[in-house]
Structure formats: C-alpha cells, structure tokens
Amino acid sequence: MNEQFRVAQANGAGHSNNASPPRIFKLTKPFADQAVVLNLGYDQKVQVDFSAISNEKITLVHVGEKLIILFDNHSTVTVEPFFDSRHDQLGNLTIEVAPGRDLSVAEFASAFPIINDPSAASAVLPAAGDSLGQNNAQASGANFSNPIVDPLPPVGTNTLAPNEDLSSDFGPGPTGFVPQPTTPPAPTISLGALPELVVDESFLTAATNGIDGSGTGPAGTTVASGVLPVTLNVPGGEQSLTFALSISAPGVDTGLIDSQTGNHVFLFVENGVVVGREGKDAAAAANGPQDFTVSVDGSGKLTLTDLRSVHEGTGEPGDVSEGTHVPAGLISLTATVTDNSNQSASASADVGPHLTLLDDGPSISALVERELPFLGVDESNLPNGTTPNPAFTHDSGNFSGAFSHVEGADGATITYALAASGATGTSGVDSGLVDSGTGHTVFLFLQGGEIIGREGTDPTSAAGGAEVFTIELNSTSGEVTLTQLRAVHETTAPLPEGSPDISEGISLNSVPNLVTLVATITDADGDTASASMDLGRQIGFFDDGIKLDLTSTPTLGALEVVEASGALGDQTLTIGAPTFTAIGADGVTTTTSYALSLVGPTATGIVTTDGNHPITLHFDSATQISGIYNDGVSDQTAFTITLS
C-alpha cells in the first residue's frame, strides 16, 4: 500500500432524528494500491452503500471497530467506526448490500461472519448474504495471502528504535496530516438500440381523433413503450442518471399531415414531453390539437401515444397498416450520468425513425338482405303510348342505403359509379331487350358515366342507333334515374280479351350483374375500398297495350231508299267498312280484322209491312246477323247483315 491515501470523512453537524434523511456513502473500488478511510462518526444518520462493489472480488477484515475491505488490486477501504453497538442503539447506521436490501450492523455481522483468517471462505462477502436467504450476488472468489510485515531493524544497546513506517497502517494519519483528495476518471456512457415503438391508428377513438378507428386487426394499440438500454462506467460512483427529450427547433415541421384537417404536424417540447400538433403553420399549431406525444421517464422508458390520424401512404386498398415515421434528426433522447465528483457524461439517440404510426383504411360492403328502390317506367306514358305523359317516363331512387361502410381513423367519402359488364362508349353489351319499333336488339353503352341503351342489329351498328333508354347517376348521393325513350318487347303471350294493356314488365336481369352500381370509399390519405350491387334487377319496363279509336261509321239509309221505291225481289246493299286508328307504344304490325257481335235485347222494334210481324235479331256467326219474323206458320228471314 504505497500510494496516496484517499480519505472520506462524515462531518455532520447537530444530532440526527428519525425524520432526518440519512447521509449516503456509496463505496466504490479505489485505484490500485490506494487506501481510503471513511469516518462515519456518531452524530448523524448514515447509510453505507455496498451495491457498487457487490460484484468485486473483496475480502472483509474486522479490526476493532473498523471494517477493512481488501480489493484484488491491492487497494483498501476502511470504514470506522463500524462494529460498534452504539450504531444499532441509536439506529444511526444502515448498510445497503443490494438494491432494496438494507441491514443493521448486527444483521451485517450475522450475515457475513468474519474471522481472523482472511483466506477462509467465511471471510468473503457474497454481496447480500447467504445466511439471510438472499443469494442474489456472486461470491468474490478472492485469494489473498497473509500479509508480510517487515521486521524492525536491529536495535543497539541504549539506542531508540526508528520511527514506525505507517504506510501499511489502516488507521488515520499522524497528527496534522491533511490528505489530498484524488479526482477519479470521468464517467462514460453508451446507449444500446432504441426500442421500436409502433402504434396503430385503427384503434383511435372519437374522444381524441373525432372519428373512431376501424378496429381492424391485427390487434394493436395507440400507446407503445420501451426502455432505452444504457451502459455505464462510473469509477467515481454514480450520483445520478437522467433522461431528457429535445427537438431540433421549437415548432419544427415534421412533414407529417393531419388527416382530419390536411395541415402539417409541428413539434414542441412541453414540460419535458415532445408534442406533435397540427396547424396551418407553427404559430397556429402551438395551440392546435395534439396528434401524438413522446415522453420518457426516469428509468429511460420511452412512450409514444397516438392521438390523431396522419397520412401514411396513398392509394392502398383498404387497411394494409402501412406505416410512417417521424423524420430523422428532429427528436433526440439524451441520457446523462453524473458521478459523486459531479463529473458528467452524456449520449444521445435519434428517436424519430423508431416511432412508427400505422395506417387505418376504410371498408365498404353491399347489404344482401335490404329493401331497395325499384325503378319502373310504363310505356303507356311514351309520346306514342295509349296515355302519353312525359312526366312519367322517368323514375328515380337513392341506392346509397344498399351499402354499409366504415370510414376508418382518417375519415372518408363515398362515390358511386355505373358499370355494364365491361361496356364502354364504343363497345356495346347485349341487354337482352328488343326494340319494339325495329325488332332490333338493345345494346348497352357506358358514356360519360351514364348507361345508354341503343337499338341495332349488332354492337357496331347500335353505337349510332336510336336511344331506347338511359340510366343516369348522381355520383355523390347515389341517386339513380331511369328514363325510357322507346318501347321494348315485354311478352309475346296472347293478351286477355277486353284487357289489352296489362302492364306486364321486363327487367335488365337477363344475366346476373349485367348492370351494377359500384360504391367506392376513399379516405383522407387516398386508401380505397369498393363494393358493387346488381342494379339491373331493380330496373323494369312495363308494357303498353293497343287502343283502337273509331274514326268513321257507315249508315243504312241507302237501303231504306231502295225499299221505299217499291222495287220487287231481294235487295243487296254493300256498305263501306268503318275506320279505326290503332294506338299503342309498341306500334301495330298485323292486319286489322273485324267481327260482328250481338249485345243486349234482340227485339228490333221493326215490323213487316205484310202482317205487321215483329222482327228480331239472331246471331248466326261472327260474319252474319239475321232479322227473323214469324208469319204464323214458321220463322222467316226478313233481312241479313253480313260482314266481309
């Protein structure tokens, strides 16, 4: 032990009491060949902290009231007074042998029995002590040989012995000796890999975001934490270890975009917490809504809290949870260690790239069991129909209720579009309908977002053919309007007599999904999802029947003139046919036919000139009706009415 002493003295003023905190002395390993003396005294509550040397190879020596700690680098620490009953009586001294494990002097002596032989196993300090059942540190395994004491030089007769060399003494220096403290090496600190903190906007709520997230899996959270690993080397004993967050500049623009407003997100440090706020500029953002926060506690635990959604990507389908980060160089985490000599060392890490915000996407689906509008137009209302009325050649209905959707945390809008089995503006698709006026097929074309049915012999000719009907759409509201311009075939079955217009219908459902309505939801950062429904089955055309209007009626007056002339024999008079006008949206394509019928009473009120016999009418067939009278013997024919 030939090096300079390091001495630590506990000089406390006044008397201790149970309310006053203890003065803590943290033991550290001295430099090689140094001796340190720690004088505790009795006037103040003190605590001796062994935790920093619990893993060192040490040997304990008990000399009187002193506890001498021998290290494997030939240095020593002497603590006095240590083994003294007054410490326990006054409750002034506690010994911390491991974090959270404090012993009294008596407990320490019981846990670590020390004998005069320093090579014995019981002279080794196993940190927290085996006898108390802790077993939470390794034994030192030190192997120290017995100290060698040089003999005094020969002393001649009547000659005083020389002064004793006190360099190996464990006691205090000679009277008047003032030891000079030695400054230990400065501490060093290094940081491990920062934890990856990942939050998912799918689990935001309206409480902070204004819109509930979709909750789409996998399971996630809006709060993520992780501890920053720190490696320390503090020869002078650790006084404190602190962590702090900082930003590159107050109000720095992150480049992130708030989904609800479209404003950028700016950074501020508020009470040690980094806060991202949205605003049109940094000044406005200072009081803007919080998008996220980043905090750190005294143990180095870093926490990211997501509060509002931001843009992650654009155009992804649905919720694929793509992520974005705070750009590098904007947020730093600094760890600072200070030793007992107030020497400090710091190390910093770039936090931003380790903060990940996962996107939330929208979703939409068509409702299967849902009552939907039915759009039907009646050909009777066409200009050439039996009851023309242009107002009733249109029908509209809103189909937005055919879909259910979830916006997601970014907020979203829905748009609607029509489709017709791949039809385009120049490429038509067979609708399954037949134009009544021409007998041509009706082909569907998609032009300017509108479906147009045109007649033609094939898709090419139909591209320039007459419009039969149109289907229009309000892409924002989902309202669909059907307009009929020409009649189509509904049925070829015979019509019931007396009911020519039974308004039978036909729909655009010759094949499933011939005409579809597509709903697309797009959120604030461009993510989309789509769903479609079969619109053709909700569109119908109702038939118009035939109506005949009598335009001229012939008379039999000429026959009466012939009879009045007194001419003898049967007389025949041919009368011109009555004329009719046929009305109906489908047009008339067959020859008009005629038939006679007899309705009501058969008495004519006419009598014969020979005998005044009454004449009655008899229905012979659809082409003949006879006037019959009875002459008293048998029925006789007075006249006949025949039809060509």
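Two strands count as paired if DSSP finds at least two bridges between them. Helices (H or I, at least four residues) and strands (E, at least two) are themselves DSSP runs, numbered from the N terminus. The model looked at here is predicted, so to speak on trust: local features need pLDDT of at least 70, side-chain atom pairs count only at pLDDT 80 or more, and totals for chains, interfaces and linings use all residues. Residues are numbered from 1 along each chain as its sequence is written, and side-chain values use heavy atoms, with hydrogens and water left out.

One open sheet has three strands in the order 25-37-34, with mixed pairing. Strand 25 (375-378) and strand 34 (505-507) sit at its edges with a single partner strand each, so one side of each has no neighbour in the sheet. Direction ignored, neighbouring strands here are turned by 20 degrees against each other on average; the axes behind such angles are lines fitted to C-alpha atoms, for helices over the stretch in contact, and angles run from 0 to 180 degrees between N-to-C directions. Strand 25 runs parallel to strand 37 (residues 539-542), and four bridges join the two. Leu375 has Ile539 of strand 37 as its bridge partner.

Another open sheet, also of three strands, follows the order 28-35-36 and pairs antiparallel. Its edges are strand 28 (412-419) and strand 36 (528-534); each has a single partner strand, so one side of each is left without a neighbour in the sheet. Strand 35 (residues 516-523) and strand 36 are held in register by seven bridges, with Thr516 opposite Asp534.

Then there is strand 32 (residues 467-473), which pairs antiparallel with strand 31 (residues 450-456) over four bridges; Gly453 stands opposite Phe469 in strand 32. Strand 32 also pairs antiparallel with strand 33 (residues 479-484), over five bridges, and Glu472 has Thr481 as its bridge partner there. Strands 32 and 33 make a hairpin with five residues between them, and Gly478 in the turn has a positive phi of about 85 degrees.

A few backbone oddities turn up in loops. Most residues other than glycine have a negative phi, and most peptide bonds are trans. The bond from Glu80 to Pro81, though, is cis, with omega near -15 degrees; Pro81 is in the loop between strand 7 (76-80) and helix 1 (85-90). Asn342 is not a glycine, yet has a positive phi of about 65 degrees. Asn342 is exposed, with a relative accessible area of 57% (buried means under 20%, exposed over 50%, partly exposed in between, with a 1.4 Å probe and protein chains only).
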